[in-house]
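Visitor: Could you pick one part of this model and take me through it slowly? I'd like to know what sits around it, too.

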Amino acid sequence: VPNLGQNIKPNISKLRETPTHTSNQQKKITKKEDPGALIIPSRESLSRQSGRLGVGQPDYNEIKTYFEQNKYPSSEAKKFYNHYKSLGWKIQGKAPIEDWRALVEKWMVNARHWPGQQEKIPEQDIGKEIQYLYESWKEGKTIMHHLSEKHFHHLQLQLTPEIEQTAKAERIKQLSSSNQHRDLQLLMAYTSNQLDKEIILKDHSNIELIAKRIAIIYHFINTQQHEH
């Protein structure tokens, strides 16, 4: 094959003048002077810069301060922190927590019903708890067992014969779904209208509690109607 042109050879001497490696010192200078260098802040730094206390993974002091500000027991602050820290600050170990302060309110509602719970929510916070229960009720959540006599008295409600009769019917419904011998005896006494029997007299406190819970639900219904 005939030569179509001169053979072009690279200038090896010039190629050698171009550095193929960058010294560590040059790398440091380049990184320092490069205004477009991407610096990824830590999670703690983001949390401090965001200015939102309830977002991210809080430390114990933040939680303790929030509990103190709301006059919640300090022992519950430690329990709350340890519980969600063990879950990686995720709800049920899955979804990341967006606002841990909202979880505190739910935590304190449930705390009053845990076995062995000695410390109670201060009286001045009952109104806040009732509001949380009301909002939960509007969302369709089951709150009946979270309602207590303290809520009833705080709302200054009264029992009516209609409410007491509804409570009795609800109690009979509860007993009908039980297989325990005592509950079946109690059910038989109610259905046969043996209201003077000792077993029914001892069950009066249960009827009264159900009636007060129903009164609170009626209060929620009236409140929702007035909102519309």
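Guide: What follows is a close look at one helix, then at its neighbours.

First, some ground rules: this is a predicted model, so local features need pLDDT of at least 70 and side-chain atom pairs count only at pLDDT 80 or more, while totals for chains, interfaces and linings use all residues. Residues are numbered from 1 along each chain as its sequence is written, and side-chain values use heavy atoms, with hydrogens and water left out.

The chain has 12 helices and 2 strands; these are DSSP runs numbered from the N terminus, H or I of at least four residues for helices and E of at least two for strands. Of its 228 residues, 28% are buried, meaning under 20% relative accessible area; exposed means over 50% and partly exposed is in between, with a 1.4 Å probe and protein chains only.

Let's zoom in on α10, residues 181-191. Its buried residues are Asp183, Leu186, Leu187, Ala189 and Tyr190. Because they cover an arc of only 160 degrees around the axis, they sit on the same side of α10; the arc is taken from the directions from the helix axis to the C-beta atoms. That fits the general picture: an α-helix has 3.6 residues a turn, so residues three or four places apart point the same way. Flip to the face turned away from the buried side of α10 and you find His181, Met188 and Thr191, which are exposed.

What does the buried side pack against? The partners are α9 (161-176), α11 (198-202) and α12, where contact means heavy atoms within 4.5 Å. Just past the helix, α10 is followed by Asn193, whose phi is positive, near 60 degrees. Most residues other than glycine have a negative phi. Two other spots to look at are Trp89, with a positive phi of about 55 degrees, and Gln156, whose phi is near 55 degrees and also positive. Trp89 is in the loop between α5 (74-86) and β1 (90-91) and is buried at 6% relative accessible area. Gln156 lies in the loop between α8 (149-154) and α9 and is exposed at 67%.

Now follow one partner of α10, namely α12, over to α7. The axes of α7 (126-138) and α12 (204-227) come within 11 Å and cross at roughly 75 degrees. Axes here are lines fitted to C-alpha atoms, for helices over the stretch in contact, with angles from 0 to 180 degrees between N-to-C directions. The two helices are therefore roughly perpendicular, a label for 65 to 115 degrees; under 35 is roughly parallel, over 145 roughly antiparallel and the rest oblique. On the α7 side, the contact includes Ile130, Leu133 and Trp137, and on the α12 side Phe220 and Ile221 are among the residues. The contact residues divide into 7 nonpolar, 2 polar and 2 charged, counting Ala, Val, Leu, Ile, Met, Phe, Trp, Tyr, Cys and Pro as nonpolar, Asp, Glu, Lys and Arg as charged, and the others, Gly among them, as polar.

One last stop in α7 is Glu129, which is buried at 4% relative accessible area. Its side chain makes a polar contact with the side chain of His151 at 2.5 Å; that means N or O atoms within 3.5 Å, where within protein one must be able to donate a hydrogen and the other to accept it, and residues adjacent in sequence count only if both atoms are side-chain atoms.
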